[in-house]
Amino acid sequence: MADVVPYNSNLFETLFQKLEEGFALCDRDHVILKINPGFTALFGHTPEEAVGKRLDLLIATTPEMMASSDAQAERIRTWETVLSEAVFRTRKDGSVIKVSIVGNVYHLADGEVLYCWNYLGLQG
């Protein structure tokens, strides 16, 4: 199980906004709480469009993508780090992109559990 991570909002916000990879921070139900500019650049969704939506319904729009997303969600619920290389997800414009995905569980000092999904666009 992951260590408890102390929460420093200023440091977190700076890092989150500066990272080039696409990040989505989600609650236990995989509802998006926050995305970074890298997520917007990769998938086309603005924070206003994404926050409050289920991550899988936003970017996993085919049965195959949904099955992959469901498997990842089940693994992360058991406190595993998720690593998926070369899977497909959907952009806002409907085009399909190949990405690698890393999912991590974070336990905050106040007892809250957050899922952080990191997306990196791949060529081909």
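**Two phenylalanines and a tyrosine**

Let's begin inside the protein: phenylalanine 39 and phenylalanine 43 are both buried. The two residues sit 4 positions apart in helix 2 (residues 37–43), which means that about one helical turn separates them. Please keep in mind as you look that this is a predicted model.

From phenylalanine 39 we can step to another part of the chain. Its ring makes an edge-to-face aromatic pair with tyrosine 119, at 6.1 Å centre to centre and with 75° between the planes. This pair links distant parts of the chain, since phenylalanine 39 belongs to helix 2 and tyrosine 119 to strand 6 (residues 113–121), 80 residues apart. Tyrosine 119 is buried, as is phenylalanine 39.

How many aromatic pairs does the structure hold? There are 3. One of them joins phenylalanine 39 to phenylalanine 43 in a tilted arrangement, with 4.8 Å from centre to centre and 45° between the planes. Through ring pairs, Phe39, Phe43 and Tyr119 become a cluster.

Now let's step back to the whole fold. The protein has 5 helices and 6 strands, and from the N terminus their order is β-α-β-β-α-α-α-α-β-β-β. Among contacts with a separation of 6 or more, 41% are between residues 24 or more positions apart.

As for overall dimensions, the C-alpha trace spans about 40 × 30 × 25 Å along its principal axes. A compact globule of 124 residues would have a radius of gyration near 14 Å, and the protein's 14 Å agrees with that. Of the 124 residues, 37% count as buried.

On the outside, the protein exposes about 7000 Å², with 56% of this supplied by carbon and sulfur atoms. Its side chains include 11 positive and 17 negative ones, and the centres of these two sets are 4 Å apart.

Notes: Residues are numbered from 1 along each chain as its sequence is written. This is a predicted model: local features need pLDDT of at least 70, side-chain atom pairs count only at pLDDT 80 or more; totals for chains, interfaces and linings use all residues. Side-chain values use heavy atoms; hydrogens and water are left out. The radius of gyration is taken over C-alpha atoms; the globule rule is 2.2 Å times the number of residues to the power 0.38. Buried means under 20% relative accessible area, exposed over 50%, partly exposed in between (1.4 Å probe, protein chains only). Contact means heavy atoms within 4.5 Å. Accessible areas come from the Shrake-Rupley method with a 1.4 Å probe; for residues, only the protein chains shown count as cover. Lys and Arg count as positive and Asp and Glu as negative; His and the chain ends are not counted. The place of a charge is taken as NZ of Lys, CZ of Arg, CG of Asp or CD of Glu. Rings of Phe, Tyr and Trp (its six-membered ring) pair if their centres lie within 6.5 Å; planes under 30 degrees apart count as stacked, over 60 as edge-to-face and the rest as tilted.
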